[in-house]
Amino acid sequence: MTTHFSTVPVDRVQAHSSVQHRFRPLALIIEDDPILVTTLTAILNANGIAVISATDPFSALDTAMVIPPEIVIADLALPRMSGLDVVCEIARAIPDCDAILFAGQFSGGLAAHVRAPGSRFNVLYKPVHPR
């Protein structure tokens, strides 16, 4: 279980114009593909959002309890626990934390659950492009 932290110094990242204070919002990325973590980190950092990442859902849970994020971005297909399950656990502990789930494709009941009316989860489909 390894947790990766962004190596971009805060003072070298240009704040997004919507950031009015000196602290940046924090996103927790839960993804086992290092290329996707790097891509999402670059996109978020360029828009004034600090990023921490975890490659394992249990590391992500531990990290979120110590450093509560404003948003969690999680892959649905994670090893040992689904992204939906880990996001639900984090949402129970940190009720004001937003979440985005992403995957290459949805299947059956999971798609219906995530897209159900009143669901608080947003969906992002791979591949992720920085536009």
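This section describes the nonpolar cores, helix α2 and two arginine residues of a predicted model.

The largest nonpolar core comprises 25 residues, of which L28, I30, V72, V86, V87 and I90 touch the most other members. Two or more residues are given to this core by each of the elements β2 (26-30), β3 (50-54), α2 (57-66), β4 (71-75), α3 (83-93) and β5 (98-103). The largest share, five residues, is supplied by α3. The grouping of such side chains follows a general tendency: in soluble globular proteins, nonpolar side chains tend to be buried together.

The surroundings of V72 illustrate the packing within this core. When residues up to four places away in sequence are not counted, V72 touches L28, I30, V87, I90, C97, D98, A99 and I100. Another core, of nine residues, lies apart from the largest one; L44, V51, I73 and F102 are among its members.

Helix α2 presents both buried and exposed positions. Its buried residues are P57, S59, A60, L61, T63 and A64. V66, which also lies in helix α2, has a relative accessibility of 66% and therefore counts as exposed, the cut-off being over 50%. Together with M65 and I67, V66 makes a nonpolar surface patch of about 280 Å². The N-terminal end of α2 is capped by D56, a side-chain oxygen of which lies 2.6 Å from the backbone nitrogen of F58.

Two arginine residues in loops were examined next. R24 is found in the loop between β1 (3-5) and β2. Its relative accessibility is 17%, so R24 counts as buried, for which the value must be under 20%. The side chain of R24 makes a polar contact, at 3.4 Å, with the side chain of N45.

R80 is located in the loop between β4 and α3. Because its relative accessibility is 59%, R80 counts as exposed. The backbone of R80 has a phi near 75°, a positive value in a residue other than glycine. Most residues other than glycine have a negative phi. Thus the two loop arginines are assigned to opposite classes, R24 being buried and R80 exposed.

How values were computed. Residues numbered from 1 in each chain as written. Predicted model: local features only at pLDDT ≥ 70, side-chain atom pairs only at ≥ 80, totals over all residues. Heavy atoms only, no water. Core = buried A, V, L, I, M, F, W, Y, C linked by side-chain atoms within 4.5 Å. Buried < 20%, exposed > 50% of the residue type's maximum accessible area, 1.4 Å probe, protein only. Helix = DSSP H or I, 4+ residues; strand = E, 2+ residues; numbered from the N terminus. Contact = heavy atoms within 4.5 Å. Polar contact = N/O pair within 3.5 Å; in protein donor to acceptor, adjacent residues only side chain to side chain. Patch = residues over 30% accessible without salt bridge, like charges linked within 9 Å, V, L, I, M, F, W, Y side chains within 5 Å. Areas by Shrake-Rupley, 256 points an atom, 1.4 Å probe, with all protein chains shown as cover. Salt bridge = Lys/Arg side-chain N within 4 Å of Asp/Glu carboxyl O.
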